[in-house]
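Trainee: I should be grateful for a close look at one part of this structure, taken residue by residue where possible.

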Amino acid sequence: MTTLDHRSPLVLDTRELGRRPGSLRTVRRTVEAPADLGTAVVGVAEGSPVELDLRLEAVMEGVLVSGTARATSTGECVRCLDPVERELVVDLQELYTYPGRAPEDDPDGTQDDLHELDGDLVDVEPVLRDAVVLALPFQPVCSPDCPGLCADCGVRLADAEPGHQHDSVDPRWAALQSMASDRGQRTEED
């Protein structure tokens with residue numbers, strides 16, 4: 001019973017390989033990015049193009065899928081909140097085992113993170129998602145020397161006048177400052 005939809009662009013049919021080790025097939029296609037392909041700060045927008053260049057190779061244990069995925073990541077600079085856009089190229093490699101068949105180095109089947117073929121179909125979406133999310137920057141910036149935003153007024157410091165600053169007093173010293181200004185007013189009145 002097949003649960004994968006063979007019409008999905010991220011589901012690949014391996015029937016042509018015929019379970020003959022050494023046989024291979026290449027797949028080149030552009031697909032729409034699935035939802036949630038990234039983090040809250042940066043990611044690949046849903047529906048944007050993702051170029052897949054994959055190689056499906058039959059091996060003794062199953063089908064080895066390897067290749068690259070190319071997409072454009074978008075997000076916000078964590079310092080100044082300007083839009084950030086970067087070309088992203090990630091390597092993909094995953095072994096999809098035949099149902100009920102564990103690799104020779106795992107005869108007990110204790111490796112829980114193995115993917116199994118669903119009939120003759122493989123779903124590359126989880127592998128794509130893992131590769132893209134790991135390749136995204138943890139804190140994207142528009143440029144390495146981005147100064148960010150002013151903590152007092154919120155102006156983008158890269159656009160502000162040179163020497164942009166605010167005279168602010170630490171709230172812990174504000175009471176002393178008010179005492180000093182009161183004392184200064186009294187001496188002027190005398």
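Trainee: Which strands pair with β6, and where does Arg25 lie?

Mentor: The model is a predicted one, and the description that follows should be read in that light. Let us begin with the strands around β6, which spans residues 62-76. Strand β4, covering residues 42-44, runs antiparallel to β6 and is joined to it by 2 bridges. Within this pairing, Val42 has Gly75 as its bridge partner. Strand β5, residues 49-58, is likewise antiparallel to β6, with 8 bridges between them; here Arg55 stands opposite Ser66. The connection from β5 to β6 is a hairpin in which 3 residues separate the two strands. Strand β7, residues 83-97, is also antiparallel to β6, and 15 bridges join the pair. One of the residues paired there is Val63, whose bridge partner in β7 is Tyr96. A hairpin links β6 and β7 as well, with 6 residues between them. In that turn, Leu81 has a positive phi of about 70°.

Arg25 belongs to strand β2, which comprises residues 24-32. Its relative accessibility is 19%, and Arg25 therefore counts as buried, the cut-off being under 20%. A polar atom of the Arg25 side chain lies 2.4 Å from the backbone oxygen of Asp13. Leaving aside residues up to four places away in sequence, Arg25 touches Asp13, Glu16, Leu17, Leu54, Arg55 and Leu56. Among these contacts, Arg55 leads back to the strands described above, as the residue opposite Ser66 in β6.

Note on methods: Residues are numbered from 1 along each chain as its sequence is written. This is a predicted model: local features need pLDDT of at least 70, side-chain atom pairs count only at pLDDT 80 or more; totals for chains, interfaces and linings use all residues. Side-chain values use heavy atoms; hydrogens and water are left out. Helices (H or I, at least four residues) and strands (E, at least two) are DSSP runs, numbered from the N terminus. Buried means under 20% relative accessible area, exposed over 50%, partly exposed in between (1.4 Å probe, protein chains only). A polar contact is a pair of N or O atoms within 3.5 Å; within protein, one must be able to donate a hydrogen and the other to accept it, and residues adjacent in sequence count only if both atoms are side-chain atoms. Contact means heavy atoms within 4.5 Å. Two strands pair if DSSP finds at least two bridges between them.
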